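Work through these short exercises on charged side-chain pairs. Each task is followed by a stepwise solution.

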Amino acid sequence: MASTETTASSAKGNPGDDPAGPSTTPATEAATDAVAGSAGSTHGSPTEATTETGTGAGAEAAGATPRPTAGDLAGLEAGLDALDSAVVARQPWLRTALSKAFPPVIAIVIVLALWQLAYHFQLKPHYLLPSPLDVFRSLQQKWLEGTLLGFVWTSLSRGALGFLASVVLGTALGLIVARVKPVRAAIGPILSGLQSLPSVAWVPAAIIWFGLSDATIYAVVLLGAVPSIANGLVSGVDQISPLYLRAGRTIGATGLAGVRHVLLPAALPGYLAGLKQGWAFSWRSLMAAELIVNAPDLGTGLGQLLEQGRELQDMSWVLAAILLILIVGIGIELLIFAPIERRVLRTRGLLVKS
């Protein structure tokens, strides 16, 4: 430290080296003062300096590190979560609606244009292939007659009631098959075979069993939808981690309580997929039954409407009925099952909220 002071004083005390006077700059003076101040403070309080030096050396020698706080752990967890999920800025609802509606609208316009071209160039005679405008006029006629909503409601109420009954039976059957190994070995392959069997194959047998009645229609719906729902639940149960089941047994969730609080929530994604497929099968089964089971006291659904158009050889009527069946099926999927599926996937972290 003395050599530093000597150097500083010699820099100030040799004006002869530079004809212009002392060559000391403000930066040199500041550095010199800082060194001198630190030296003075160290010399003036040796005990404090020794204590601080000893403490720091002891901490470094002991290898002690500061313990992370709760805030640090929370920040680390949030950072890890951010690595797994893409951050998407929220867009205006109008722009989101347009981005979702634009592709289907374009597809519909293309289909209608191709349809109109086929009608224009007469790929089939006009009485066999009517134009989109002819089909629209047929729908308009049924609307003005006040019967269109009645046709839709008859089929929709039958489909909803048959589907709810299928959910009850399919869920019970799926739980039994998934949890009881002998039952699974016995009827598991039969369920898969019933799922692949066309629903219309059950119509003649149901007519023989129940006659031309609503029971025939509901029997066909149940036989078409129950295997799909049961297989979906079995698939969901097979994908449950054994850790969840052990945890449920540890806290006392056994029997019906375990099914309600552990088994069904854990199997919900696969179960929901089975429900969607079950609705598709029930809707198809209903249309197949209504096409064949036709009686005056049963009411007129979309299937009966389709069959009436075939009997009258009215292709506009037939295509209008097909269009209504398609619209109802797509509407149920978009309005009921799609929001439920998004909610389930989002709550489980499988879908990033945009």
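**Exercise 1.** Is Lys 276 buried, partly exposed or exposed? Then find its salt-bridge partner and place the pair.

*Solution.* This model is predicted.
- Step 1. Buried means under 20% relative accessible area, and exposed means over 50%.
- Step 2. Lys 276 has 22% relative accessibility, so Lys 276 counts as partly exposed.
- Step 3. Its partner is Glu 341, with the closest N and O atoms 3.0 Å apart.
- Step 4. Lys 276 sits in helix α13 and Glu 341 in helix α15 (residues 315-347), so the bridge ties together parts 65 residues apart in sequence.
- Step 5. Glu 341 is partly exposed, at 28% relative accessible area.

**Exercise 2.** Which residue forms a salt bridge with Asp 238? Classify both residues by accessibility.

*Solution.*
- Step 1. Arg 184 is the partner; the closest N and O atoms are 2.5 Å apart.
- Step 2. Asp 238 belongs to helix α10 (residues 214-238) and Arg 184 to helix α8 (residues 181-196), so parts 54 residues apart in sequence are tied together.
- Step 3. Asp 238 is partly exposed at 42%. Arg 184 is partly exposed at 32%.

**Exercise 3.** How many salt bridges does the structure hold? Examine the one between Arg 158 and Glu 290.

*Solution.*
- Step 1. The count is seven salt bridges.
- Step 2. Arg 158 and Glu 290 meet at 2.8 Å, N to O.
- Step 3. Arg 158 lies in helix α7 (residues 148-179) and Glu 290 in helix α13 (residues 268-292), so this pair links parts 132 residues apart in sequence.
- Step 4. Both Arg 158 and Glu 290 are buried.

Conventions:
Residues are numbered from 1 along each chain as its sequence is written. This is a predicted model: local features need pLDDT of at least 70, side-chain atom pairs count only at pLDDT 80 or more; totals for chains, interfaces and linings use all residues. Side-chain values use heavy atoms; hydrogens and water are left out. A salt bridge is a side-chain nitrogen of Lys or Arg within 4 Å of a carboxyl oxygen of Asp or Glu. Helices (H or I, at least four residues) and strands (E, at least two) are DSSP runs, numbered from the N terminus. Buried means under 20% relative accessible area, exposed over 50%, partly exposed in between (1.4 Å probe, protein chains only).
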